[in-house]
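I opened this notebook to record what I looked up in the structure below. The entries follow the order in which I worked.

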There are 2 protein chains.
Amino acid sequence: MTATAPLPREDGRGGRIRQQQECAILQAAEQVFARAGFQGATMAEIALRAGLPKSNLHYYFGTKAEVYRAVLGHILRLWLAETDCITPDADPREALGHYIAAKMRLTAERPDASRVFANELLHGAPEIGDYLRGELRTLVADKAQVIEGWIAAGRMAPVDPVHLFISLWALTQTYADFETQVCAVLGRPQLGPEDYRRATAHVQALVLRGCGL
Amino acid sequence: MTATAPLPREDGRGGRIRQQQECAILQAAEQVFARAGFQGATMAEIALRAGLPKSNLHYYFGTKAEVYRAVLGHILRLWLAETDCITPDADPREALGHYIAAKMRLTAERPDASRVFANELLHGAPEIGDYLRGELRTLVADKAQVIEGWIAAGRMAPVDPVHLFISLWALTQTYADFETQVCAVLGRPQLGPEDYRRATAHVQALVLRGCGL
DNA sequence: TGAAAACCTGACCAACTGGTCAATTTTTGA
DNA sequence: TCAAAAATTGACCAGTTGGTCAGGTTTTCA
C-alpha cells in the first residue's frame, strides 16, 4: 500500500545512487542475517551497518522480507555454479576434486552467505523451497546421471550419487556453518587459510578414496 | 528480582508436579526452538504447545533464556555419548561403523534436538561455547589419539582424526538440519526409515572406504 | 485436619520493532 | 536554468512479546 519506493526496474539498473545503496544494504544485511537469522535480525541494525537511517532503508526495500529475499537471491546464484566440471568425459577423480575445492573456497570466502543459506534451510526453507525442488533438484538429477555413468563404466566405486552430493555439501559447508564447533575441537581461535587448506585436503582424500578413486 | 519460582533444587527432584510440567515444557520448547530458533520462538507458543498458560510457564522458567539453556543441556547429554565404542583395542571398521550408525539413529529419532543444536552453533554458540572448548574438545582429543594409534599400527589409512570427527558430524546431522534440502533433491516429501537406512549405508560405505577399511 | 508450601492464572505493562508519512534536500536531464 | 524525479530523514504509530504481580487454588505432610 506504499507508493514510496518506485521499485527499481528489476531488469535495468535503477539510478546510480540506488545501485550503490542497495549494494551496501545487501552486504550489511548478509552479515546481520548470518549472525542473527531472519527473526533475530533488525532493520535498525542493518541500516546502522549500511550507514543510513532506517527510513532510508525502507525507501529501498519495503519490508524486511524483501531484503532477506534479495540476499538469498544473491546467494543462490553462487550455489548453482561450480558443477560445470562434472561431465561424462571428465576424469572422475579430477572433477570431484575440483568440485570439492571450489565449494570449500566458496565456504572460506563467503562464510556469511553460507550461514544465511543454512539458516534458511534449518527453518524449512520457506523462501527458497520452490527453488530447491525445482532448479536444484533438476541440476542434481543431471549430475547424478553423469556419476551413474562413471560407475557403470567402472571408473569409480558404486556410490549413491544423490547422497554423494548431500555429503559433499555437508562436508564443506560445515566449516562455515558450524565454525564455532570446528574451531573449538581444533583448538583454534578462528579458521585461517591454512586451516581451510588442511580441511580441503582432508575432504578430498576422504571422499576420493571413499569413491574408490 | 522475582521470588516466585523457588528454583527446583537442581540436584534432587522438585515436586512431582514440577517434574511433569518441566518435562512437558522442555519437550514443547525443543519443537518450537527447532522450528524458529531462539529469537523466533515465543514463550506464548511454547506455553500453548505445553498446554499451559504463559504465566505458568514463567513460574517454572523465569526467562526464555532459561528454557533455552535447559533444552540445550538435555541435548548436550545426547551428544557426548556414543563414542564409547572407539577404543584402542576395538576393530576400526566396526567401531567407526557403529559410531556412524549411532549418530544417524540419533539424528533420525531426535531431529529437533539436532536442529536446536545446529541453530546454536550457527549463531556462534553463545550459550554452549564453553562446553565446546572444554568437555567436547577433551573428548575429541582423546578419541583422536585412539585413531592416531590405529593409523600408526597400519590398521587404517592416514586421516586427520579431528577433521574426521568433524566430517562424521556433518555427514550425519545434515539429514536433520537440512532435511528440506535433502528431501528436495531426493524427491521425497519427507524422510522415512527407509531413507535413513539408505543414508546410513551410504555414509558408512563412503567413510569406511575413505579410511581404507 | 489444617496450615504451609507449591502451584496456577488473568490482567497488565514497558520495551522493542517493523513499517508509515509528510516534509525537505539532492540529483537529473531537457 | 529549472522543474520533475529520486533520495533522505526525523517523528511517529501499532502490534508483538518477554516478563510481572497480586490473589486464588491445590497439594503436601506433620
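**Entry 1: DNA strand C**

I began with the classes of residue on the surface near DNA strand C and recorded seven nonpolar, nine polar and five charged residues. The model I am reading is a predicted one. I then looked up the surroundings of DNA strand C and noted 21 residues, the closest being Arg16(A), Lys54(A), Lys64(A), Ser55(B) and Tyr60(B). For the atoms of DNA strand C that come within 4 Å of the protein, I noted that sugar and phosphate account for 61%.

Next I looked up contacts to the phosphate oxygens of DNA strand C. For Arg16(A), I found a side-chain N or O atom 2.5 Å from a phosphate oxygen of this strand. For Arg18(B), the corresponding entry is a side-chain N or O atom at 3.1 Å from a phosphate oxygen. Met43(A) takes part through its backbone, with an N or O atom 3.0 Å from a phosphate oxygen. I listed the elements that give two or more residues to the surface near DNA strand C: H1 and H3 (54-60) of chain A, and H1 (16-40) and H3 (54-60) of chain B. H3(B) provides the largest share, which is four residues.

**Entry 2: DNA strand D**

I turned to DNA strand D and asked which of its surrounding residues come nearest. Of the 19 residues around this strand, I recorded Ser55(A), Tyr60(A), Arg16(B), Lys54(B) and Lys64(B) as the nearest. Of the strand D atoms within 4 Å of the protein, I noted 57% in sugar or phosphate and the rest in bases.

Two tyrosine side chains of chain A appear in my list of phosphate contacts. An N or O atom in the side chain of Tyr59(A) is 2.9 Å from a phosphate oxygen of DNA strand D, and for the side chain of Tyr60(A) the value is 2.5 Å. From chain B, I noted Ala41(B), which has a backbone N or O atom 3.0 Å from a phosphate oxygen of the strand.

I found that H1 and H3 of chain A and H3 of chain B each supply at least two residues of this surface. The largest share, four residues, comes from H3(A). By class, I recorded six nonpolar, eight polar and five charged residues near DNA strand D.

**Entry 3: H1 and H6 of chain A**

Last, I looked up how H1 (residues 16-40) and H6 (residues 111-122) of chain A pack, and noted an angle of about 35° with the axes 8 Å apart. The crossing of H1(A) and H6(A) is left-handed. Among the H1(A) residues that meet H6(A) are Phe33(A), Ala34(A) and Phe38(A), and the H6(A) residues include Ala113(A) and Val116(A). I counted the residues of this contact as five nonpolar, three polar and four charged.

Terms used:
Residues are numbered from 1 along each chain as its sequence is written. Chains are lettered from A and ligands numbered from 1 in the order in which they are written. This is a predicted model: local features need pLDDT of at least 70, side-chain atom pairs count only at pLDDT 80 or more; totals for chains, interfaces and linings use all residues. Side-chain values use heavy atoms; hydrogens and water are left out. Axes are lines fitted to C-alpha atoms, for helices over the stretch in contact, and angles run from 0 to 180 degrees between N-to-C directions. A crossing is left-handed if the near helix is turned anticlockwise from the far one by less than a right angle, and right-handed if clockwise. Contact means heavy atoms within 4.5 Å. Ala, Val, Leu, Ile, Met, Phe, Trp, Tyr, Cys and Pro count as nonpolar, Asp, Glu, Lys and Arg as charged, and the others, Gly among them, as polar. A residue is near a molecule or strand if one of its heavy atoms lies within 4 Å of it. A polar contact is a pair of N or O atoms within 3.5 Å; within protein, one must be able to donate a hydrogen and the other to accept it, and residues adjacent in sequence count only if both atoms are side-chain atoms.
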